[in-house]
Amino acid sequence: MCGRYTLTSPGRIVAEAFGVDEPLELAPRYNVCPGQDVPVVRTRHGATDRTLDLLRWGLVPWFAKEPGPAARMINARAETAATSPAFREALRRRRCLVPADGFYEWQATAVKRAPKQPFFIRRRDGGPIALAGLWERWQGSDGSRIESCTVLTTAPNELLRGIHDRMPVILEPGAWSLWLDREVQDVDSVQALLVPAPPDELVVTPVTTWVNDPKHDDPQCIEPVPGVIAPAE
């Protein structure tokens with residue numbers, strides 16, 4: 001799954017990397033958590049220009065009676081999104097990119113009742129990561145609106161297989177235009193993009209359990225922890 005990630009780059013840098021004309025003011029985030037507003041890249045219907053907008057992380061399907069329980073949908077399985085009532089229309093019409101610098105995954109330890117070991121995963125070249133996302137617009141009976149998003153996940157690559165049984169879908173820059181094109185509603189063509197990232201493009205670093213607390217949002221979250229061996233690269 002993908003339940004935490006980082007986005008420490010300034011809004012101007014994020015906008016330049018993702019081809020967005022109007023940047024947002026973004027504070028450095030070292031522990032982005034579900035339920036928070038997160039920046040996503042998307043296009044408007046009938047347009048090709050990209051926008052950077054803040055959406056709530058935790059997709060609320062348009063048909064939900066109340067936004068609360070549905071907001072737990074922080075991830076969507078790439079293998080079943082096309083048939084899931086909560087995600088199938090978004091996969092066809094409302095796709096987005098979720099910019100990140102890296103993301104966290106947790107590995108169970110051999111010590112009984114010990115906390116899981118967190119790992120921080122980033123690109124080897126230090127470049128931005130584009131997580132494949134879906135977004136939705138929900139409207140309540142009182143006229144209130146919520147725009148929310150989810151991150152697609154897939155099977156882990158060889159590098160992450162020993163840590164977790166899922167990983168977020170990372171889209172290469174060459175796939176961004178197709179993924180964001182709202183005129184493309186052929187599910188097969190976009191679902192073909194939802195594959196594990198090449199393992200040699202990523203670096204895994206064990207970090208301290210400081211990141212486990214959602215209240216912690218500072219550089220200590222990505223501080224390497226000595227004495228822990230990361231999965232073989």
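Here is a short conversation about a predicted model and the reasons behind some of the labels used for it.

Visitor: Let's start with Thr51. Why is Thr51 called buried?

Guide: Buried means under 20% relative accessible area. Thr51 has 10% relative accessibility, so Thr51 counts as buried. You will find Thr51 in strand β4, residues 50–57.

Visitor: What makes the pairing of Thr51 and Asp53 a polar contact?

Guide: The limit is a pair of N or O atoms within 3.5 Å, one able to donate a hydrogen and the other to accept it. The side chains of Thr51 and Asp53 come to 2.7 Å, so the pair counts as a polar contact.

Visitor: Which residues is Thr51 in contact with, leaving aside neighbours within four places in sequence?

Guide: With that exclusion, the list is Val20, Val40, Val41, Arg42 and Arg44.

Visitor: Arg44 sounds worth a look. How do you know that Arg44 and Asp49 meet in a salt bridge?

Guide: A salt bridge needs a side-chain nitrogen of Lys or Arg within 4 Å of a carboxyl oxygen of Asp or Glu. Between Arg44 and Asp49 the N to O value is 3.6 Å, so the pair qualifies. Both partners are partly exposed: Arg44 has a relative accessible area of 49%, and Asp49 has 35%.

Visitor: Why is Arg44 called partly exposed, and not exposed?

Guide: Exposed means over 50%. Arg44 has 49%, so Arg44 stays in the partly exposed class.

Visitor: How many salt bridges does a search of the whole structure find?

Guide: The search finds 14. Another one joins Arg123 and Asp125, with the closest N and O atoms 3.0 Å apart. Here the two ends carry unlike labels: Arg123 is buried at 14%, whereas Asp125 is exposed at 57%.

Visitor: What makes Glu147 and Arg137 a salt bridge?

Guide: Their side chains meet at 2.8 Å, N to O, and the cut-off is 4 Å, so they pass. Glu147 lies in strand β10 (residues 145–154) and Arg137 in strand β9 (residues 129–139), so the pair ties together parts that are ten residues apart in sequence. Glu147 is partly exposed at 23%, and Arg137 is partly exposed at 38%. The two also belong to a network of salt bridges that links them with Arg42 and Asp53.

Visitor: Now for the sheet. Why are β2 and β12 called edge strands?

Guide: The open sheet has five strands in the order β2-β1-β7-β8-β12, with antiparallel pairing. β2 (29–32) and β12 (202–206) each pair on one side only, and that is what marks them as edges. From one strand to the next, the twist averages 25 degrees.

Visitor: How do you know that β1 and β7 pair?

Guide: Strands pair if there are at least two bridges between them. Two bridges join β1 (residues 5–7) to β7 (residues 102–107), so the pair meets that requirement. Tyr5 stands opposite Phe103 in β7.

Visitor: Which residues touch the most other members of the largest nonpolar core?

Guide: They are Tyr5, Leu97, Leu152 and Trp179, in a core of 59 residues. β9 supplies the largest share of this core, with six residues. Apart from it lies another core of seven residues, including Tyr30, Trp106, Phe120 and Val211. Leaving aside neighbours within four places in sequence, Tyr5 is in contact with residues including Tyr30, Trp57 and Phe103.

How values were computed. Residues numbered from 1 in each chain as written. Predicted model: local features only at pLDDT ≥ 70, side-chain atom pairs only at ≥ 80, totals over all residues. Heavy atoms only, no water. Helix = DSSP H or I, 4+ residues; strand = E, 2+ residues; numbered from the N terminus. Axes fitted to C-alpha atoms, helices over the stretch in contact; angles between N-to-C directions. Buried < 20%, exposed > 50% of the residue type's maximum accessible area, 1.4 Å probe, protein only. Contact = heavy atoms within 4.5 Å. Core = buried A, V, L, I, M, F, W, Y, C linked by side-chain atoms within 4.5 Å.
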